[in-house]
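Trainee: I would like to learn how to read charge pairs, surface patches and backbone angles in a model. Could we take them one at a time, with the general idea before the case?

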Amino acid sequence: MRSGYTTGACATATTKAALLALITGEAQMESTIYLPVGKFATFVMESCTVEENVAEAGTIKDAGDDPDATHGALIQSTVSWSETPGITLDGGIGVGRVTKEGLPVPVGEAAINPVPRKMILETAAEVLQNHNISRGIMIIISVPDGEKMAEKTLNKRLGIIGGISILGTRGTVIPFSSSAYMASIVQAVSVAKASECEHVVITTGGRSEKYAMQQYPELPEEAFIEMGDFVGFTLKQCKKQGIKKVSLVGMMGKFSKVAHGVMMVHSKSAPVDFDFLANVAVAAGVKDEKLIDEIKQANTASQVGDLMAENGVDDFFTILCENCCLSGLKEIGGGISIETSLYTMKGALLGKAGKHDGENESNWNR
């Protein structure tokens, strides 16, 4: 299946094209950038115009064989000289603006996530440095049809108003097929078993796998398996293929669902249950009604995690991890040992717990 590119990669490529056009006075119809995934990619510009103090370039987002809500979107970057030193980045038409806490972008700013923001700023800085330019520039990322496209996303629910988000941590979009993904999980477990791994670590993505490898440096590479959203399926495969111990490593968003017994954790499959998280907080000793109400009214599970960390409720994370283990044992009917580690987006360990088969079966088999 053919891979595609993220809105963040498109915004970076158009910014480079527009900035080069502004500097040289010549339209740039191609733009090559280095992606976080570790390779170069060349983007064809749909348009590129240049005037004395401003240039604009646009490209059509190609999501490959996994078309999403933003597939086919025109991603534009407008770059102009600025009296303000340095590089200023903002969102224009069709790029949402954050109105609620709990997201990786502060309230009031354009919904350009940290990795795309870093890509855009670093690429622009490199271009300026290569041309020995010290003038300030203003970059505006726009998506003309972004507000309409956002109706098909979760942005409104998350408090991102007025358009889509500029996203992506790899720069590429991996084609998603449930059957193909599950087949890859089966193969990965088989390889681990063939490599004599009795202990495997299953993660929800590349970032959690990175943290998992740091946590379990003694395990071989074959022991680390990306399960994506397929928590229950992966656990069943591990049991089926004779794995004795499984460690789950992930973050608040998906694991707050696992702790509640949800074994398919795609954002569109099951929302976070904030009442459940409030109950976990009470079990961890939280008595402040105002804090409990804040949890129930939170925007994201990560925001709840931040609230618990800020208030020193460390037991919250331990209980959440214990619930993940118990939910996993219940899903597969026991037979293996499960432990869970919970991390922040930046890699700080929030909590860890483990449950063994046969231990308090009446607890997980409830």
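Trainee: Which residue forms a salt bridge with D90, and how far apart are the closest N and O atoms?

Mentor: Before the case, please keep in mind that this is a predicted model, in which local features need pLDDT of at least 70 and side-chain atom pairs count only at pLDDT 80 or more, while totals for chains, interfaces and linings use all residues. Residues are numbered from 1 along each chain as its sequence is written, and side-chain values use heavy atoms, with hydrogens and water left out. As a general idea, side chains of opposite charge can pair when their charged atoms come close. The term salt bridge is used here for a side-chain nitrogen of Lys or Arg within 4 Å of a carboxyl oxygen of Asp or Glu. In this structure D90 forms such a bridge with R97, and the closest N and O atoms are 2.9 Å apart.

Trainee: How many salt bridges does this rule give, and are D90 and R97 buried or exposed?

Mentor: The count comes to 7 salt bridges. For exposure, buried means under 20% relative accessible area, exposed means over 50%, and partly exposed lies in between, with a 1.4 Å probe and protein chains only; the areas themselves come from the Shrake-Rupley method, and for residues only the protein chains shown count as cover. D90 counts as partly exposed because its relative accessibility is 27%, and R97 is likewise partly exposed, with 29%.

Trainee: Which parts of the chain does the salt bridge between E331 and K236 tie together?

Mentor: The side chains of E331 and K236 meet at 3.3 Å, N to O. E331 lies in helix α12 and K236 in helix α7 (residues 231–240), so the pair ties together parts that are 95 residues apart in sequence. Helices here are DSSP runs of H or I with at least four residues, strands are runs of E with at least two, and both are numbered from the N terminus. E331 is partly exposed at 30% relative accessible area, and K236 is partly exposed at 42%.

Trainee: Where do the partners E339 and K245 lie?

Mentor: E339 is in strand β17 (residues 337–343) and K245 in strand β16 (residues 245–251), so that pair links distant parts of the chain, 94 residues apart. The closest N and O atoms of this salt bridge are 3.7 Å apart. E339 is buried, with a relative accessible area of 10%, whereas K245 is partly exposed, with 30%.

Trainee: Which residues gather in the patch of negative charge on the surface?

Mentor: Patches are made of residues with over 30% relative accessible area and no salt bridge, like charges being joined within 9 Å and nonpolar side chains (Val, Leu, Ile, Met, Phe, Trp, Tyr) within 5 Å. Lys and Arg count as positive and Asp and Glu as negative, while His and the chain ends are not counted; the place of a charge is taken as NZ of Lys, CZ of Arg, CG of Asp or CD of Glu. Here the negative patch gathers D288, E289, D293, E294, D306 and E310. Two elements, α10 (289–296) and α11 (301–310), are those that give two or more residues to the patch, and α10 gives the most, with 3 residues. D288 is found in the loop between α9 (274–283) and α10, and at 45% relative accessibility D288 counts as partly exposed.

Trainee: How does the span of helix α12 agree with what its 19 residues should give?

Mentor: The expected span of a helix is 1.5 Å times one less than its number of residues. For α12 (residues 314–332) this comes to 27 Å, and the end C-alpha atoms are 28 Å apart, which agrees. Just after α12, G333 takes a positive phi of about 75°.

Trainee: Which residue in the loop between α2 and β10 has a positive phi although it is not a glycine?

Mentor: That residue is N132, with a phi of about 55°, and its loop runs between α2 (114–130) and β10 (136–142). N132 counts as exposed, at 73% relative accessibility. E196 also has a positive phi, of about 65°, although it is not a glycine; E196 lies in the loop between α5 (178–194) and β14 (199–203) and is exposed, with a relative accessible area of 71%.

Notes:
Accessible areas come from the Shrake-Rupley method with a 1.4 Å probe; for residues, only the protein chains shown count as cover.
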